[in-house]
Amino acid sequence: MKERSTKITIYDIARVLNLSASTVSRALQNNKLINQETRDKVRQTATEMGYVPNWIASSLRKNRSNIIGLIVPRTSMYFQSTAISGIQHEAHKYGFSIVIGQSDDTIEMEKELVNTFFSLRVDGLLAVSSMFTVNYEHFTPFIKNNIPLVFYDRVPAEFPGYTITGDDFKGGFLATEHLIRQGCKRIALFTGMLSCNLYQQRLSGYKTALAKYNIPFDERLMYVHNLTSEAAIAASKELLGEYERPDGLFAANDTSAVAFIQEAKRQLVKIPEDIKVVGYSNDQASRIITPALTTIEQSGYKMGQKAVDTIVKLINYGDTMKITKHFVFPVELIERESSEQPETA
């Protein structure tokens, strides 16, 4: 095995250029006290020698790392991938880098990531809680040490800090009301774990829409699972096997809605003629599936941008600047073929 080569330091660069280490350090930081010619020469030499800044040492000196930690359930989720794009683009504008950790929707991994980011001395932490997170106790190191912490999308129960969410109640209401107006009277629900704030809110919106149109809530039509394709297919088989099938389905994400449509096709159930379907997130699969999926748009990219804007203000100004504590994004119903009423002859 080859021995790891010795890392190049600013002292090595200083020795080559016959400059002081402090001059090299200032030049690498683009300090205007160092003339442009020297700055260019130092940067060029640093590149040629393979110099990589030691950001940990730098953060210790400055008490600032210019790094924001980010915890998400899964980067493969369409909503999270669009939010991450917004986060990275906005963070770059402010001169911050993003380090991403994936919890795999487990509390154990989430706790590990919180401790890792705290040890890395990040300037702030953005987080989307796992589907199974019931409180925010394991985020205490950030709270006790006044390190900015902002939750977006999924938020632990009773978290008193800064949050960025979509209007999940309105989304659940719009999806269900749309199905009712399309003639559905027996509407099933695929939802995530009800310990999670956004699924509680979407369920509440669903129930409120049913009540508005005097349709009784039937708990037998509610399927609680982790909203993966596999879980949704299992739930779909059970639902389609019922003697009295539903005439509508509201799925709390597009992944499970698409899985239902695919299983319905396998069982020769027609969408939307037999069952109308509405999903949530407006991900790419919702446009590709046949029939195209009616869904709720929740603006992941903009939510990511807003999350960064909030945490950077907290990093730079603390509570001295007026910042909206609980920001809620509006949602929008996107109507497509999966919930159309069949044409009458």
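Helices and strands are here DSSP runs, of at least four residues for helices and at least two for strands, numbered from the N terminus. In the predicted model, Ala252 lies in the loop that connects strand S8 (248–251) with helix H11 (254–266). Residues with under 20% relative accessible area are classed as buried; Ala252, at 2% relative accessibility, therefore counts as buried. Leaving aside residues up to four places away in sequence, Ala252 is in contact with Phe190, Thr191, Gly192, Tyr199, Arg202, Leu227 and Tyr280. Gln182 stands 70 residues from Ala252 along the chain, and the C-alpha atoms of these two residues are separated by 19 Å.

An open sheet is built from six strands, arranged in the order S2-S1-S3-S4-S5-S11 with parallel pairing. The edges of the sheet are occupied by S2 and strand S11 (326–329); each has a single partner strand, so one side of each is left without a neighbour in the sheet. On average, and with direction ignored, neighbouring strands are turned by 15° against each other. In general, the strands of a sheet are paired through backbone hydrogen bonds, in either a parallel or an antiparallel manner.

At the S2 edge, strand S1 (residues 67–72) is joined to strand S2 (residues 97–102) by six bridges, and the two strands run parallel. Within this pair, Val72 is placed opposite Gln102 of S2. Together with helix H5 (residues 78–93), S1 and S2 make up a β-α-β unit of right-handed type.

At the S11 edge, four bridges link strand S5 (residues 162–166) to S11 in the parallel sense. Thr165 has Val328 of S11 as its bridge partner. Helix H13 (residues 300–317) packs on the sheet and touches S1, strand S3 (124–127), strand S4 (149–152), S5 and S11. The direction of H13 makes about 170° with that of S5.

A contact between two helices is formed by H2 (residues 21–28) and H3 (residues 36–49), whose axes come within 9 Å and cross at roughly 90°. As angles of 65 to 115 degrees count as roughly perpendicular, H2 and H3 are therefore roughly perpendicular to each other. From H2, the contact involves Thr23, Val24, Ala27 and Leu28, and from H3, Thr38, Arg39, Val42, Arg43 and Ala46. By residue class, the contact of H2 with H3 comprises five nonpolar, two polar and two charged residues.

How values were computed:
Residues are numbered from 1 along each chain as its sequence is written. This is a predicted model: local features need pLDDT of at least 70, side-chain atom pairs count only at pLDDT 80 or more; totals for chains, interfaces and linings use all residues. Side-chain values use heavy atoms; hydrogens and water are left out. Axes are lines fitted to C-alpha atoms, for helices over the stretch in contact, and angles run from 0 to 180 degrees between N-to-C directions. Angles under 35 degrees count as roughly parallel, over 145 as roughly antiparallel, 65 to 115 as roughly perpendicular and the rest as oblique. Contact means heavy atoms within 4.5 Å. Ala, Val, Leu, Ile, Met, Phe, Trp, Tyr, Cys and Pro count as nonpolar, Asp, Glu, Lys and Arg as charged, and the others, Gly among them, as polar. Two strands pair if DSSP finds at least two bridges between them. A crossover is right-handed if, with the strands pointing away from the viewer, the path from the first strand over the helix to the second runs clockwise. Buried means under 20% relative accessible area, exposed over 50%, partly exposed in between (1.4 Å probe, protein chains only).
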